[in-house]
Structures are given as C-alpha cells and as structure tokens.
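Work through the exercises below with the sequence and the 3D view side by side. Try each task before you read its solution.

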Amino acid sequence: MAKYGKYRSIQELLEAKQGGIMVNKVLEGVIENIQMIRRQLKKPKSQRWSTSIIDNELRHNLISLNKVLKQLKRNKKLH
C-alpha cells in the first residue's frame, strides 16, 4: 500500500493537490532528450555516450511520460 494514500510519494501527492504537472513543458523536455539521444547515436561509437547513460536518459523520459499519462487521467476524471 502506498505511504500517502493512493499516491506513491510526497511529490506525486503535491502534484495532485496543486493541479498537476505542466504537461506541455514535460513533453517538450522529453522531445529535447530524445533528439539529444538521436544525435549521440549518430556519432561514431568511440565518441558516443556509454549505454548506461543512454539507458538512464531513456528511463527518465519514460518516467516523464508516465507522469503526463497520470495527469491526463486525473484531468479526464475531473471533467
């Protein structure tokens, strides 16, 4: 069971109470990160980031997209 009711963390609880995240800004950040990763993958292998760095960036993008989905679901329930 979640420590803060149906929310997993204090951050998620605050986002729900304050009206949520700024969806546009989060999506813009994800787009910028994906473009940055694509540029890295186009470089020669010797100049490229390590796979762990790319994996962390992709994981960060997934977390951001999950937050956007949660926010959209909350907005749908309110309207």
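The exercises go from the whole chain to single residues.

This is a predicted model, in which local features need pLDDT of at least 70, side-chain atom pairs count only at pLDDT 80 or more, and totals for chains, interfaces and linings use all residues. Residues are numbered from 1 along each chain as its sequence is written, and side-chain values use heavy atoms, with hydrogens and water left out.

**Exercise 1. Confidence**

Find where in the chain confidence is lowest and where it is highest.

Solution.
- Step 1: Start with the scale. pLDDT is the predictor's confidence in each residue, from 0 to 100.
- Step 2: Take the chain average. It is 81, and 71% of the residues score at least 70.
- Step 3: Go helix by helix. The lowest mean is 64, in helix α1 (residues 10-17). The highest is 90, in α2.
- Step 4: Apply the caution. Where pLDDT is low, the predicted coordinates should not be read in detail.

**Exercise 2. The chain as a whole**

Describe the secondary structure, burial and contacts of the chain.

Solution.
- Step 1: Count elements. Helices (H or I, at least four residues) and strands (E, at least two) are DSSP runs, numbered from the N terminus. The chain has three helices and zero strands. Its pattern is α-α-α.
- Step 2: Check burial. Buried means under 20% relative accessible area, exposed over 50%, and partly exposed in between (1.4 Å probe, protein chains only). Of the 79 residues in the chain, 19% are buried.
- Step 3: Look at the surface. About 6,600 Å² is exposed, by the Shrake-Rupley method with a 1.4 Å probe. Carbon and sulfur atoms supply 57% of that area.
- Step 4: Look at contacts, meaning heavy atoms within 4.5 Å. Take those between residues at least 6 apart in sequence: 60% join residues at least 24 apart.

**Exercise 3. The two sides of α2**

Sort residues of helix α2 into buried and exposed, and explain the placing of the buried ones.

Solution.
- Step 1: Check the helix length. Helix α2 (residues 23-42) has 20 residues and reaches 29 Å from its first C-alpha to its last. That is close to the 28 Å expected at 1.5 Å a residue, taken as 1.5 Å times one less than the number of residues.
- Step 2: List the buried set. It holds Val23, Val30, Asn33, Ile37 and Gln40.
- Step 3: Explain the placing. These residues lie on the same side of α2 because they cover an arc of only 115 degrees around the axis. The arc is that of the directions from the helix axis to the C-beta atoms.
- Step 4: Turn to the other side. Asn24, Lys25, Glu32, Arg39 and Lys42 are exposed there.

**Exercise 4. Residues that link elements**

Work out which residues serine 64 and methionine 36 touch, leaving aside those up to four places away in sequence.

Solution.
- Step 1: Place serine 64. It is in helix α3 (residues 51-78). Its relative accessibility is 13%, so it counts as buried.
- Step 2: Read its contacts. Serine 64 meets Val26 and Val30.
- Step 3: Place methionine 36. It sits in helix α2 and is partly exposed at 27% relative accessibility.
- Step 4: Read its contacts. Methionine 36 touches Trp49 and Glu57.

**Exercise 5. The salt bridge**

Locate the one salt bridge and describe its partners.

Solution.
- Step 1: Apply the criterion: a side-chain nitrogen of Lys or Arg within 4 Å of a carboxyl oxygen of Asp or Glu.
- Step 2: Name the pair. Aspartate 55 bridges to arginine 59, with the closest N and O atoms 2.7 Å apart.
- Step 3: Check the spacing. The two are four residues apart in helix α3, so about one helical turn separates them.
- Step 4: Check exposure. Aspartate 55 is partly exposed at 39%, and arginine 59 is partly exposed at 44%.
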